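Thank you all for making the time this morning. I would like to walk through one structure with you, starting from a single helix and working outwards.

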Amino acid sequence: SHFSALSSYLSNHTVHPSPSPSPPAAETNAAAAHLRGWIITTISPTDIFAQENPYGAESPGSGQSATTTTTTRFRRGEEARCVDVKRQGLRLLSRMQTLGLLHTDKEKETGKEEEPSASLVACLASFTDAKDPWTGGEENREIAEGILSSYLKLKGLEEEAEKPKGFEKLAIELLRNHIKPLFAKSKPPILTDAGRKKALRAFPADGSNQTMTDMDPSYKPWKYHSPHIVTVFQWVLARMTTSMVSAHWPLVVPPILTILDDISIAYKIRGCHLLRLLLNAAEASLLERSELGEVFHDTLIPHLLYLPSLTPEEESIPLLDATYDALMALTLARFPLRESGAAKIKALDGIFRDGILKGHAHAGENVRIAALLMKKSSDLVCAMGICCVKHLKDLLPMVSATLTAPFALAYPPLLIAALGVLRAVISKAWPRVGYHRGDILEGLIVCWCRIVDDDEEASDEVLAVRAHIEEVARTVVKIIGDDEEGRSDLRMLKDHDSRLQAILAV
């Protein structure tokens, strides 16, 4: 109600538009600063949006199921009310900006330079991810980003190809005074104060471990009290240049490793996204000099085994997707030069063995997991190039088994993903296609015959699978048909079954 009344009052003021708002009178300036501070305090996300402590008294299995249900309903009601308050607060800040009350300029009045308000920037940056529960959707995000962009532009901090020094000062203030204190207690013990890998991994000084620190919310205020700070960190990291990342490496790395190593799957996914933002700006040499490329790799690899049924499918799929993408980006960033090709292939081999093969062995019967693993297999084959031949003996039987499964047509996206693997193999390892033609042709032929037999009842998705098979088969036949033995095999198959004339024509 206070926000509505203030917004209505400000809307009744007549403003003469100008390119840059003139500084208001001293009294108005002070009142505007007080009002701005009150709004920031009121709309900044609170712990009502934070994750509940899984080891708290009201956690599942503690005998407090009724209390837990009541608490959950209360939190949901509070969240909805808070989101509405934040929407009104953002609109009020937008109105203040229109009136020139949001960015007062004391420098013109007192001759003293006024630094950009880090508190205002942190508050607005916390609403820049529409997926956060406190943001309340795209409308609030657009309002916050609009205010933030105009504010930074007015202060001369608008992001450009070459970021001004002022933006770096703002980023440092946010990292040092807003973000670092919330991650101080949960800093990974493997890191030195300079953001490098310790020679020997030390145990925490207080003897705590991952579970113990999660039992005490004071160790992770960024998770249990101020969850919005992760979004603020994401906003800052996305705008940092290579030189800024290099200069302030110790402020950037600990939060990412902490979030990646958290027990919450949602935060692990967020950590993967943050790591990719870091890799976009960090120099490859810095990753190796600090020895953190290996640390990040070792932190990510265990995520590949968060599989059903121990991990729910709706959590496993986004985590696997984010982790594979982060591992691929990390590997390519660590080994960008041709001279480091052997090390890159070794890292990619590990991802294939520890991720794809183990994942398929443990959860291959889950069609959505299998489809995801097939897509990531295609990415790995493309990244390895001809070096993928060592894995064809394991990969192609897996693809063939997928295409020949009795109920494969029930989930066409899996078949399209499997055919994508064949397309990648043909592109990068075509000299070995003839040697493995048995597995390749088996998968294509069995799947094709099933589609042809059910052609009258085929859905659009199944017809898309048929088109993919035709495309892949044409290339396979062209490669196999280059030698007499291959042509003989193709003729024998066509003569045995007339349905294969359409895809095995030499």
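**Helix H19 and its surroundings**

Let me begin with H19, in which Leu 392, Leu 395, Leu 396, Met 398, Val 399, Ser 400, Thr 402, Leu 403 and Thr 404 are buried. I should say at once that this is a predicted model, and everything that follows should be heard in that light. Helix H19 covers residues 392-404, which is 13 residues, and from its first C-alpha to its last it reaches 18 Å, close to the 18 Å expected at 1.5 Å a residue.

What covers the buried residues of this helix? The cover includes helix H17 (341-363), helix H18 (367-384), helix H20 (412-429) and helix H21 (437-453). One residue that lets us look at this packing from the other side is Ser 377, which lies in helix H18. Ser 377 has a relative accessibility of 1% and therefore counts as buried, the cut-off being under 20%. If we set aside residues up to four places away in sequence, Ser 377 touches Ile 356, Leu 395, Met 398 and Val 421, and Leu 395 and Met 398 are among the buried residues of H19 that I have just listed.

Following the chain onwards, we come to Leu 409 in the loop between H19 and H20. Is Leu 409 buried, exposed or partly exposed? With a relative accessible area of 23%, Leu 409 is partly exposed. Its contacts, leaving aside neighbours within four places in sequence, are with Leu 415, Arg 450, Ile 451, Asp 454 and Val 462. Leu 409 and Cys 447 are 38 residues apart in sequence, while their C-alpha atoms are 8.3 Å apart in space.

A further long-range pair in this part of the chain is Asp 460 and Pro 412, which are 48 residues apart along the chain and have their C-alpha atoms separated by 9.7 Å. Asp 460 is found in helix H22, residues 460-480, and at 67% relative accessibility Asp 460 counts as exposed.

Let me now turn to the aromatic residues. A search of the whole structure finds three aromatic pairs. In one of them, Phe 183 and Trp 222 are stacked, with 5.1 Å from centre to centre and 10° between the planes. Phe 183 lies in helix H7 (residues 165-183) and Trp 222 in helix H9 (residues 221-224), so this pair ties together parts that are 39 residues apart in sequence. Both Phe 183 and Trp 222 are buried, and ring pairs link these two residues with Tyr 267 into a cluster.

There are also charged groups placed over rings. The charged end of Lys 185 sits over the ring of Tyr 219, at 5.9 Å from its centre, and the charged end of Arg 432 sits over the ring of Tyr 435, at 4.4 Å from its centre.

Another place I would ask you to look at is Gln 97, in helix H3, residues 65-98. Gln 97 is buried, with a relative accessible area of 13%, and its side chain reaches the backbone oxygen of Ile 147 at 3.1 Å. Tyr 151, found in helix H6 (residues 138-154), is 54 residues from Gln 97 in sequence, yet the two are 8.3 Å apart in space, C-alpha to C-alpha. Tyr 151 also counts as buried, at 1% relative accessibility.

Two points of backbone geometry deserve a careful look. Most residues other than glycine have a negative phi, and most peptide bonds are trans. Glu 291, however, has a positive phi of about 60° although it is not a glycine; Glu 291 lies in the loop between helix H14 (284-289) and H15 and is partly exposed, with a relative accessible area of 45%. A cis peptide bond, with omega about 10°, joins Pro 308 and Ser 309, and Ser 309 is found in the loop between helix H15 (292-300) and helix H16 (313-334).

Finally, the overall picture. How many helices and strands are there in the protein? There are 23 helices and zero strands. Of the 506 residues, 48% are buried, and the accessible surface comes to about 24,500 Å², of which 53% belongs to carbon and sulfur atoms. Among contacts in the protein with a separation of 6 or more, 75% are accounted for by residues 24 or more positions apart.

Note on methods:
Residues numbered from 1 in each chain as written. Predicted model: local features only at pLDDT ≥ 70, side-chain atom pairs only at ≥ 80, totals over all residues. Heavy atoms only, no water. Phe/Tyr/Trp six-rings, centres within 6.5 Å; stacked < 30°, edge-to-face > 60°. Helix = DSSP H or I, 4+ residues; strand = E, 2+ residues; numbered from the N terminus. Buried < 20%, exposed > 50% of the residue type's maximum accessible area, 1.4 Å probe, protein only. Lys NZ or Arg CZ within 6 Å of the ring centre and 35° of its normal. Expected span 1.5 Å × (residues − 1). Contact = heavy atoms within 4.5 Å. Polar contact = N/O pair within 3.5 Å; in protein donor to acceptor, adjacent residues only side chain to side chain. Areas by Shrake-Rupley, 256 points an atom, 1.4 Å probe, with all protein chains shown as cover.
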